[in-house]
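Reader: I'd like to learn how to read a few features off a model like this one. Can we go through it together?

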Amino acid sequence: MLRTLVGSAILKPLSTQTAARTFSTGLALKQAASTESPKQYDNILVETKGKVGLITLNRPKALNALSSQLFVEINEALRSFDADKDIGAMVITGSEKAFAAGADIKEMKDNTFIDNYKKNFLGHWAEMTEIKKPIIAAVNGYALGGGCELAMMCDIIYAGEKAIFGQPEIKLGVIPGAGGTQRLVKAVGKSKAMEIILTGSVNLNATEALQYGLVSKVVPADQLVDEAVKTASKIASMGQPSVQMAKEAINKSFDVSLDAGLRWERIFFQALFGTADQKEGMAAFTEKRKPTFTNE
């Protein structure tokens with residue numbers, strides 16, 4: 001049968017013993033893959049909670065300072081979750097003491113301009129903004145410098161009660177280099193962003209960050225990750241085509257004019273009528289039942 005389906009000119013005859021060994025090996029590999037534990041990293045911890053991928057920064061002695069290798073690992077883990085059909089959203093967090101206290105100064109202090117330019121230093125940080133699935137930052141403790149920028153690269157920020165946000169780079173003779181001068185303005189407005197960045201010493205606590213719109217929720221520190229995972233789980237339960245198109249459309253609003261943004265939104269809206277999830281969602285609404293999305 002196998003030869004008939006593929007064609008004798010392409011597939012050489014297989015003995016029964018060879019075929020059995022081939023298929024049993026394939027089954028073993030499939031079973032091994034299904035039980036494979038998440039990859040182990042040096043600077044982050046990775047786990048899954050239902051349909052949510054959880055990444056925990058794990059450089060406690062350095063207050064989770066963001067080294068180049070740490071960001072390589074973050075990007076790799078995010079890409080892996082992005083490609084996993086069983087994951088619908090991700091959460092990035094740190095410790096209760098520090099989400100990330102900044103970039104790794106020891107790593108960069110002897111850099112030169114020409115080396116930075118040739119290697120596009122910090123350029124790989126922006127790779128996470130290409131992830132299609134939503135990412136929630138669960139910020140406890142310090143989120144300073146690169147830590148604040150990492151949080152702002154995520155789609156939603158939840159803060160623990162003692163979270164502190166700031167951009168102190170000016171005190172080191174530099175400026176934010178991974179989006180601080182751009183994303184912070186859009187989050188808190190020009191005047192406040194100028195004050196935070198130009199003084200290097202005006203930080204926002206969790207309540208202030210909520211008031212300015214930098215974060216969307218403040219919760220007790222010991223409940224933060226659970227609350228973020230809860231929201232990520234709710235997002236992951238929705239039809240993924242609409243979730244991912246909604247994320248892209250919102251992000252487009254920062255890059256294009258209102259007319260162009262409205263056009264993007266309308267095209268995405270129209271396109272979703274070609275999905276099974278739209279048919280199921282609207283049918284469930286009219287039939288007064290809960291929809292069962294298949295991400296198709």
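Author: Sure, with some ground rules. This is a predicted model, where local features need pLDDT of at least 70, side-chain atom pairs count only at pLDDT 80 or more, and totals for chains, interfaces and linings use all residues. Residues are numbered from 1 along each chain as its sequence is written, and side-chain values use heavy atoms, leaving out hydrogens and water.

Reader: Then here's my opener: in which helix do Trp 264 and Phe 268 lie, and how many residues apart are they?

Author: Helices here are DSSP runs (H or I, at least four residues; strands are E, at least two), numbered from the N terminus. Trp 264 and Phe 268 sit in helix 12 (residues 258-271), 4 residues apart, or about one turn of the helix.

Reader: How are the rings of Trp 264 and Phe 268 set, stacked or tilted?

Author: Rings of Phe, Tyr and Trp (its six-membered ring) pair if their centres lie within 6.5 Å; planes under 30 degrees apart are stacked, over 60 edge-to-face, and the rest tilted. For Trp 264 and Phe 268 the centres are 5.6 Å apart and the planes at 50°, so the pair is tilted.

Reader: Is Phe 268 buried or exposed?

Author: Buried means under 20% relative accessible area, exposed over 50%, and partly exposed in between (1.4 Å probe, protein chains only). Phe 268 is buried at 12%, while Trp 264 is partly exposed at 33%.

Reader: Which residues of helix 8 are buried?

Author: In helix 8 (residues 190-199), they are Lys 192, Ala 193, Ile 196 and Ile 197. Seen down the helix axis, these buried residues fall within an arc of 120° (taken from the directions from the axis to the C-beta atoms), so they line one face of helix 8. On the other side, Lys 190, Ser 191 and Leu 198 are exposed.

Reader: What do the buried residues of helix 8 pack against?

Author: Count a contact as heavy atoms within 4.5 Å. The buried residues of helix 8 then pack against strand 8 (164-166), helix 7 (180-188), strand 9 (204-205) and helix 9 (206-212). Just after helix 8, Gly 200 takes a positive phi of about 70°.

Reader: Which helix gives the most to the lining of the largest pocket?

Author: Helix 11 does, with 10 residues. By class, the lining of the largest pocket has 19 nonpolar, 7 polar and 9 charged residues. Here Ala, Val, Leu, Ile, Met, Phe, Trp, Tyr, Cys and Pro count as nonpolar, Asp, Glu, Lys and Arg as charged, and the others, Gly among them, as polar. A pocket is found on a 1 Å grid over the protein atoms alone, as an open set of points where a 1.4 Å probe fits, with protein on both sides within 12 Å along at least five of seven lines; lining residues have an atom within 4 Å of a point.
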